[in-house]
Amino acid sequence: MTAPSAGLAPPRDLAQRKADVLGKLASERFAWLATSGESGAHLVPLGCVWDGARLVMATQERHVTVRNLREDGHCRVALGDPADVVLVDGTVELVAYEDLPADAPPVLADLPVNPSRVPGCVYLFLTPGASSPGGTAARSPTGR
């Protein structure tokens, strides 16, 4: 039997992993967003907020990220640090500031790049399809 590696946490059960994913979604303010398109893979760091069901980011409409998401709305996001990373796969809905519904979540104001203050930006609403805390596949953090 091999001794556990120093500094590594013991394995988490599904309930703990889900709680950890939801905690990270609620607390992290930056994420790495990966998309792909004609020119290949594209990876960018973006500010983010969790609205309780979706991870929301924003970027300039002219960027490769938006072009890739318009072609194929699928992406992957990485949150956290290398010792405790959460990977979330999902689909993204692009929404211009002027197209936000009146009941848009107030947490959107916390985005560092905010389409309400930065002309030419759009919101990226990521609906999780799957998440992987610590590299282990898990259900969507919202249980959907």
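Two strands are taken to pair when DSSP finds at least two bridges between them, and that definition underlies the account of the hairpins below. The model is predicted, and this briefing goes through its strands, its nonpolar cores, its aromatic pair and its salt bridges in turn.

**Strands and hairpins**

- Strand β1, which covers residues 30–37, runs antiparallel to strand β2, which covers residues 40–50, and eight bridges join the two.
- The connection from β1 to β2 is a hairpin with two residues, and Gly37 has Gly40 of β2 as its bridge partner.
- Strand β2 is also joined to strand β3, made up of residues 55–60, by three bridges, and here too the strands run antiparallel.
- Across β2 and β3, Val49 faces Val56, the residue of β3 that stands opposite.
- The hairpin of β2 and β3 has four residues between the strands, and within this hairpin Gly52 takes a positive phi near 105°.

**Nonpolar cores**

- As general background, nonpolar side chains in soluble globular proteins tend to be buried together.
- The largest nonpolar core here has 21 residues, of which Leu33, Leu55, Met57, Val77, Leu79, Leu124 and Leu126 touch the most other members.
- At least two residues of this core come from each of α1 (14–27), β1, β2, β3, α2 (64–71), β4 (74–81), β5 (84–96) and β6 (121–133).
- With four residues, β2 gives the most to this core.
- Leaving aside residues up to four places away in sequence, Met57 touches Leu33, Leu46, Gly47, Cys48, Val77, Leu111, Val122, Tyr123, Leu124 and Leu126.
- A second core, separate from the largest one, has nine residues, and among them are Ala58, Leu100, Tyr123 and Phe125.

**The aromatic pair**

- The count of aromatic pairs comes to one, and this pair is formed by Tyr123 and Phe125, whose ring centres lie 5.9 Å apart with 45° between the planes, an arrangement classed as tilted.
- Tyr123 has a relative accessibility of 2% and therefore counts as buried, and Phe125, with a relative accessible area of 4%, is buried as well.
- Tyr123 and Phe125 are thus found both in the aromatic pair and in the second core.

**Salt bridges**

- In general, side chains of opposite charge can pair when their charged atoms come close, and a search of the whole structure finds seven salt bridges.
- Arg12 and Asp20 meet through their side chains in a salt bridge with an N to O distance of 2.9 Å; Arg12 is partly exposed at 26% relative accessibility, and Asp20 is also partly exposed, with a relative accessible area of 24%.
- Lys24 forms a salt bridge with Glu28 in which the closest N and O atoms are 4.0 Å apart; Lys24 counts as buried because its relative accessibility is 13%, whereas Glu28 is partly exposed at 22%.
- Arg70 is bridged to Glu61, with the closest N and O atoms 2.4 Å apart; Arg70 is exposed, with a relative accessible area of 52%, while Glu61 counts as partly exposed at 36% relative accessibility.
- Through salt bridges that share partners, Arg12, Asp20, Lys24, Glu28 and Asp84 are joined into one network.

Methods
Residues are numbered from 1 along each chain as its sequence is written. This is a predicted model: local features need pLDDT of at least 70, side-chain atom pairs count only at pLDDT 80 or more; totals for chains, interfaces and linings use all residues. Side-chain values use heavy atoms; hydrogens and water are left out. Buried means under 20% relative accessible area, exposed over 50%, partly exposed in between (1.4 Å probe, protein chains only). Rings of Phe, Tyr and Trp (its six-membered ring) pair if their centres lie within 6.5 Å; planes under 30 degrees apart count as stacked, over 60 as edge-to-face and the rest as tilted. A nonpolar core is a set of buried Ala, Val, Leu, Ile, Met, Phe, Trp, Tyr and Cys residues joined through side-chain atoms within 4.5 Å. Contact means heavy atoms within 4.5 Å.
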